[in-house]
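Reader: I am new to this structure and would like a careful look at a single part of it. Could you take me through the stretch where the last two helices meet, and show me what surrounds it?

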Amino acid sequence: MTAAAMANKSFEILTPSHQVVVATAAAPGWFLTSFLPTLISVLVIVGVNVLSEHSSLAAAIATAPTGTPLSIWLMVQQHPTKKDKILVEFCWAVVKGVLATLAFAIASFIAAREKAGMWTTLGVGYTAWFGAFM
């Protein structure tokens with residue numbers, strides 16, 4: 001078809017009869033997903049080191065729920081269409097993790113009380129954690 005023939009012919013432009021809007025939530029940025037969790041971890045390690053003279057205070061900082069609230073927030077933000085379901089599932093997994101960590105702490109305490117040494121104490125603790133989590 002020549003340009004002259006095309007100029008004399010009208011073309012229909014097809015448009016949809018309705019507009020489809022897809023809702024999307026902005027994904028959390030690098031600061032919230034990478035930098036902030038790393039910073040919190042470093043601050044916890046530094047806090048435990050600084051307070052190493054006061055074992056109960058250092059233990060309180062080491063076990064404080066610092067990463068859990070941030071993780072809950074990130075999980076909910078990454079699944080905007082099923083926030084309620086994700087929140088329930090993730091919080092249940094946190095409960096399992098906390099109970100497994102309790103098993104780690106109790107087993108480690110028993111091993112340490114029996115003067116098992118650091119590596120054996122850690123091995124016993126991780127074995128208890130793994131058994132409780134599974």
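Author: What follows looks first at the whole chain and then at its last two helices and the loop between them.

This is a predicted model, in which local features need pLDDT of at least 70 and side-chain atom pairs count only at pLDDT 80 or more, while totals for chains, interfaces and linings use all residues. Residues are numbered from 1 along each chain as its sequence is written, and side-chain values use heavy atoms, with hydrogens and water left out.

The protein chain has six helices and zero strands, where helices (H or I, at least four residues) and strands (E, at least two) are DSSP runs numbered from the N terminus. Read from that end, the order of elements is α-α-α-α-α-α. Of the 134 residues, 13% count as buried; buried means under 20% relative accessible area, exposed over 50%, and partly exposed in between, with a 1.4 Å probe and protein chains only. The chain exposes about 10,600 Å², of which carbon and sulfur atoms supply 69%; such areas come from the Shrake-Rupley method with a 1.4 Å probe, and for residues only the protein chains shown count as cover. Among contacts with a separation of 6 or more, 45% are between residues 24 or more positions apart, contact meaning heavy atoms within 4.5 Å.

The part you ask about begins with helix H5, which covers residues 83-113. Lys 85 and Glu 89 both lie in this helix, four residues apart, about one turn, and their side chains meet in a salt bridge at 3.3 Å, N to O. A salt bridge here is a side-chain nitrogen of Lys or Arg within 4 Å of a carboxyl oxygen of Asp or Glu, and the structure holds one. Glu 89 is partly exposed, because its relative accessible area is 42%. Ile 86, also in helix H5, counts as buried because its relative accessibility is 8%. Leaving out residues up to four places away in sequence, Ile 86 touches Met 75, Val 76 and His 79; its C-alpha lies 6.5 Å from that of Val 76, although the two residues are 10 apart in sequence.

Further on, Trp 92, Val 95, Leu 99, Leu 102, Ile 106, Phe 109 and Ile 110 form a nonpolar patch on the surface, with about 710 Å² of accessible area together. Patches are made of residues with over 30% relative accessible area and no salt bridge, like charges being joined within 9 Å and nonpolar side chains (Val, Leu, Ile, Met, Phe, Trp, Tyr) within 5 Å. Ile 110, one of the patch residues, has 40% relative accessibility and therefore counts as partly exposed.

The next stop is the connection itself. Lys 115 is placed in the loop between H5 and H6, and at 73% relative accessibility it therefore counts as exposed. Lys 115 has a positive phi of about 55 degrees although it is not a glycine. Most residues other than glycine have a negative phi.

Helix H6 takes in residues 118-133, Thr 121 among them. Thr 121 counts as buried because its relative accessibility is 11%, and, leaving aside neighbours within four places in sequence, Thr 121 is in contact with Ser 108, Ala 111, Ala 112 and Ala 116.

The structure holds two aromatic pairs. Phe 104 and Tyr 126 form an edge-to-face pair, 5.0 Å centre to centre with 65 degrees between the planes. This pair links distant parts of the chain, with Phe 104 in helix H5 and Tyr 126 in helix H6, 22 residues apart. Tyr 126 is exposed, because its relative accessible area is 53%. Trp 129 and Phe 133 form a stacked pair, 5.2 Å centre to centre with 5 degrees between the planes. Rings of Phe, Tyr and Trp (its six-membered ring) pair if their centres lie within 6.5 Å, planes under 30 degrees apart counting as stacked, over 60 as edge-to-face and the rest as tilted. Because Trp 129 and Phe 133 are four residues apart in helix H6, about one helical turn separates them. Trp 129 is partly exposed because its relative accessibility is 29%, and Phe 133 is partly exposed because its value is 24%.

Lys 96 lies over the face of Phe 133, at 5.0 Å from the ring centre; a charge sits over a ring if NZ of Lys or CZ of Arg is within 6 Å of the ring centre and within 35 degrees of the ring normal.
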